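Visitor: I would like a close look at a single part of this model. Please keep it brisk.

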Amino acid sequence: FKGGDTCEYLLSSGRFLGEKVWQPHSCMMHKYKNSEAKNCLIDKHVVFIGDSRIRQLFYSFIKLINPQIKEEGNKHGNIPFEDKSASIKVDFLWYPEVNGSMRQRIKSWTEGSVAKPHIIVAGAATWSIKIHNGSNEALTQYKINITSIAPLLEKLAKSSDVYWVLQDPVYEDMLSESRKMITNEKIDAYNEAAVRILNSSSRNSKAKVKVFSVSKLIAQETIMKSADGLHLPESSRDTNAMILMNVYCNKIMKPIDGSCCQPQPPLTLIQKLAFCFFTLSIIGYLIINLIHRNNFRKNKSCTDLESGEEKKPAISPPNVSTLEMLLYSFCKLGLIMTYFYLCDRANLFMKENKFYTHSSFFIPIVYILVLGVFYTENTKETKVLNREQTDEWKGWMQLVILIYHLSGASTFLPVYMHIRVLVAAYLFQTGYGHFSYFWIKGDFGVYRVCHVLFRLNFLVVVLCIVMDRPYQFYYFVPLVTVWFMIIYATLAVWPQIVQKKANGNCLWHFGLLLKLICLLTCIYFLSYSQGAFEKIFSFWPLSKCFELNGNVYEWWFRWKLDRYVVFHGMLFAFIYLALQKRQMISEGKGDPLFSNRVSNVLLFISIVSFLTYSIWASSCKNKTECNELHPSVSVVQILAFILIRNIPGYVRSVYSSFFAWFGKISLELFICQYHIWLAADTKGILVLIPGYPMFNVLVSTFIFVCVAHEISQITNDLAQIVVPKDNSTLLKRLLCIAGFFSGLLLFSAMQDQSRH
């Protein structure tokens, strides 16, 4: 690419997504709120100097600080603005021509007698064209005047941010008779003169006047909507003001979704140590591999000199050692993590903002559903929620969630509410799956717990280290981890009630129901007692894991949003397994789950319930109100789907191998999307191939899916090594892991101290 200066791109190039969303070339623009603008500009003095077009930009800029401001006052005079709460001063100075008066004002800032503004935004030309009737002499004088001003602006640029706004094109057909001499040809001539003269004496200097040329591109698309053919419509002025805010504030505020003008973050101590570790793993693996190759060559078949026949070696190639497997896994992981870092931390690849349209979400959904139906196969077993079916369920849900994130569909409330059900369905499966395992197997051993925790958390822990992100940032993994531990604690605490014990005495079923009621009571209490919840997770080291932006509110919100669905999953598993044990359901191939009459009634109720929920979700007007109801009603659509999918015998006997394949790596897909498919921590889209959106999505998706599949294999390989079945060996490994996390917490504390 042309270099890493995304500020240059922000000020000079871009395109519209739709009608109002401006997309800078190669980077993402943050939409600043009033509070953020104030925090950035605190104790700052900003000056806009120029004509009526600069005055418009001035008003759009101060409205980012105070939206209540109205465009009042003398149009052809100076206009002051001050926000005393943040000590911000923004002034508009009326200098419609580049002449001696403007030069004198700018010179006063360079001499030290007057305090220099922190930001200077200047520009003028249309008045010169109008007053002098578009004469060539006026253009010559403009060049002389801007030549005399340029050194002063360049001198100011050493200590302040100086922007020269090029003149926007006009819509000549709408211009009044008194402005007919202002033509686009004349404007281009004035702009060309300004660009050629500014910075001519400081070509190689870092302190330059920044030429604000992007306004021209915006005006070319929107000037037709102008009220008089000269001044930009309000939406275009607001976009220009937002670009100015991004240019100055991104390096100060460092917003996640504002990659323009942000320098590459420096490597932390933990990241450096991780880099060294992966480098040593790669070197270690290469050395072992070379040694094995040499040994294999020595044992290679050699020619018998007497008979001339070839003899095969008596020794077979050695099996792969644990050390070699470990190094090989870390070697692959190191290369993959390098790709992660380059995609979302280095300024190597471009990033763009999301832009939602109905077609960008629904067309891919239809496409993958057709593909999924095409790859239909028979299941190995025909039980309710068998392994193939749950993999299929996770697979299509994950693909829908990925498309939802890529298309930015969260802005469309009906889609958002349905996606919330899919996330709840994942947690429902967590409750169903883990309850079923513990209830049937009765295995509460340390190995099972460690294996599940490793499988869930390995990738996230590595990403926290490599990408310098808190654990809570990958919110779904903490969510399923905590719920797994809650399920385990509920069933493992005395008295341990499992299916084998309950079959001997029916009273144990009531004991288990009592446990579930206690769990529901605790969930209800914590959901309505934010203080108690925050106290639990504010103790160190839990606070280190569950805090985001200095508090645990985000964690409480995420937990509360789907607080009942895991309980619903556990209860469903209990009822289903009880019915199955008493042979009250028929799970034969092709058989309906219940008698024909009962099956038809339940199927009808399920379809009506499913559609009723969708109608309610589609009619949602307020996200906050719908989120309040969601925890209680999401189970309706989940249960309806399960019954529709399992009551008819034929439907229960088939599954989509296409969706099931993705379901097996759904966790890795969900986590990897943060950095190598989306960008800026899911706020934008990764651009590997600029200028070709569809081709870019295809290429980045292919790499993303391959990486997720590879990480799934690495996790499974490492789980066998790190979590052995032998209890004494497992205990030693747990001590090592405890030591590792202690060191990680220590280094993290050192990092935090150095940052402060």
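Visitor: Is Ser-700 buried or exposed? Please also place Ser-700 in its helix, and then describe the interface of domain 2 and domain 3.

Guide: This is a predicted model. Ser-700 is buried: its relative accessible area is 2%, and the cut-off for buried is under 20%. The residue lies in helix 28. A polar atom of the Ser-700 side chain sits 3.3 Å from the backbone oxygen of Val-697. Leaving aside residues up to four places away in sequence, Ser-700 touches Ile-676, Trp-677 and Leu-688.

Now the wider setting. The domain assignment splits the chain into domain 1 (6-253), domain 2 (349-723) and domain 3 (727-755). The contact between domain 2 and domain 3 takes twelve residues from each of these two domains. Their centres, taken over C-alpha atoms, are 29 Å apart.

About 880 Å² is buried between domain 2 and domain 3. Carbon and sulfur atoms give 69% of that area. Zero salt bridges are found across this interface. Two residue pairs are in polar contact there, both at pLDDT 80 or more.

Which elements does domain 2 bring to this side? Helix 15 (446-466) and helix 28 (693-722) each give two or more residues to it. Helix 15 has the largest share, with five residues. By type, the side of domain 2 that touches domain 3 has ten nonpolar residues, two charged and no polar ones.

Notes
Residues are numbered from 1 along each chain as its sequence is written. This is a predicted model: local features need pLDDT of at least 70, side-chain atom pairs count only at pLDDT 80 or more; totals for chains, interfaces and linings use all residues. Side-chain values use heavy atoms; hydrogens and water are left out. Domain bounds come from an automatic or database domain assignment. Contact means heavy atoms within 4.5 Å. Buried area is the accessible area (1.4 Å probe) that two parts lose on being put together, summed over both. A salt bridge is a side-chain nitrogen of Lys or Arg within 4 Å of a carboxyl oxygen of Asp or Glu. A polar contact is a pair of N or O atoms within 3.5 Å; within protein, one must be able to donate a hydrogen and the other to accept it, and residues adjacent in sequence count only if both atoms are side-chain atoms. Helices (H or I, at least four residues) and strands (E, at least two) are DSSP runs, numbered from the N terminus. Ala, Val, Leu, Ile, Met, Phe, Trp, Tyr, Cys and Pro count as nonpolar, Asp, Glu, Lys and Arg as charged, and the others, Gly among them, as polar. Buried means under 20% relative accessible area, exposed over 50%, partly exposed in between (1.4 Å probe, protein chains only).
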